[in-house]
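Dear colleague,

Please find below the structure that I am handing over to you, followed by a summary of the findings.

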Amino acid sequence: MKFTHIASLLFAASAMMACNTTTPPTTDYYLIIGSYSSADDEGIKVYTFDETNAEVSYVSGLKGIENPSFVYPSADGTRVYAVGENFEAEKGSANALAFDAEKGTLTLLNTQPTNGDAPCNIIVNPEGKYVYTSNYNGGSITEFPLDAEGKLGEGRVIAFSGSSVDSVRQTQPHLHAVNFTPDGHFLLANDLGTDMVHLFPAAAPLDTTKLIDIKVPAGMGPRHLCFASAPSTGSGQALLAYLLGEISGDVVTFAYEARNDAEPALTLLDKQTVRADSLGAEGSADIHISPGGRFLYTSHRLKGDGVSIFRVNPSDGTLTKVGYQPTGIHPRNFTISPDGKWLLVACRDDNVVQIFARDAETGLLTDTGKKIEMQKPVCLQWIAR
């Protein structure tokens, strides 16, 4: 499939959603927050969020999961999947939750062990039939089939091997995130410990004989990535992937093209590597692109905690740093509201989620002074009301 076809499908879908006059877009969302907490506390909390004024109201919370640090809703919003980030291999877990959109409440459906310690990321495949966790200290991902009720079946562990140049942090694989390409053709697994992005054809169950390892710059420590539409070229519209390195603090750019299973679909572009963490803190965390693709944001911890802001060049997709927004202590996951007006940052060690207003023309952020106070927030996700 060529770039032109991929982008046409994506833009057509976007246009259909944007032009739907029978169901006006909502300005009212549920905000689901995962955290580090004991099982006796409400580790996952549900709030309402009004996009018109960034007003937030607590709705409910769920106890019973230790360290539900990353949460991910199903496409229809009826299920939420959460990790239990325990650092003992036999205690790391994946958890299926039912979400009642009328009441804004979560109910635990079932729990399965990941059989890999410190699961830190979870995602649902595009068909809604499988769930995947990244097990940071386990050096693996775990694949779970889902039944008709959305419950997790027994997990299958896919382990990796290797190391890289950092003698402290890259002595073994450290799987940090799993993503699907926008067309749903491939699963990507970012391995901080080996400086690899592992790529599988997305058809589940995953076929490990078709695994492709894509090497990134040594010492980068790949953590999270996001996709964006690339500028038009002579060969048509491409897709770009921006990958953030936790250790190097760099953002590197990939071109994406769906190809047959025997060829790499992700190609590292040599034209630009951008330093997002200018202090060398080795704690870069999250990366997102704004609606419309004009600005890219990255979060950074350990020194000068905050969010870097980049303008995306419309002619070639290259990045220009335009600002840096200080935040509370230890910003982890952050999110941009669906309308693009607000950027929310989970500041784990300040026990708050900060709410910033986002200028759509400059990309810069303004602290609204509004906060959500909760213990060690980590992950922020949206479900439309």
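E143 belongs to strand β10, which covers residues 140-145. The model is a predicted one, and in it E143 has a relative accessible area of 2%. Because this value lies under 20%, E143 counts as buried.

The side chain of E143 has a polar atom that lies 2.8 Å from the backbone nitrogen of L206. Leaving aside residues up to four places away in sequence, E143 touches Y130, V131 and Y132, then E154, G155 and R156, and also A204, P205 and L206. L206 thus appears both in this list of contacts and as the residue whose backbone nitrogen lies 2.8 Å from the side chain of E143.

Turning to the chain as a whole, there are 28 strands and one helix. The chain has 385 residues, of which 57% are buried. Of the contacts between residues at least 6 apart in sequence, 49% join residues at least 24 apart. The exposed area of the chain is about 15500 Å², and 51% of that area comes from carbon and sulfur atoms.

Two cysteines may also be noted. C347 has 0% relative accessibility and therefore counts as buried. C379 likewise is buried, at 0% relative accessibility. How many disulfides does a search of the whole structure find? The search finds zero.

With kind regards

Technical notes:
Residues numbered from 1 in each chain as written. Predicted model: local features only at pLDDT ≥ 70, side-chain atom pairs only at ≥ 80, totals over all residues. Heavy atoms only, no water. Helix = DSSP H or I, 4+ residues; strand = E, 2+ residues; numbered from the N terminus. Buried < 20%, exposed > 50% of the residue type's maximum accessible area, 1.4 Å probe, protein only. Contact = heavy atoms within 4.5 Å. Areas by Shrake-Rupley, 256 points an atom, 1.4 Å probe, with all protein chains shown as cover. Disulfide = S-S within 2.5 Å. Polar contact = N/O pair within 3.5 Å; in protein donor to acceptor, adjacent residues only side chain to side chain.
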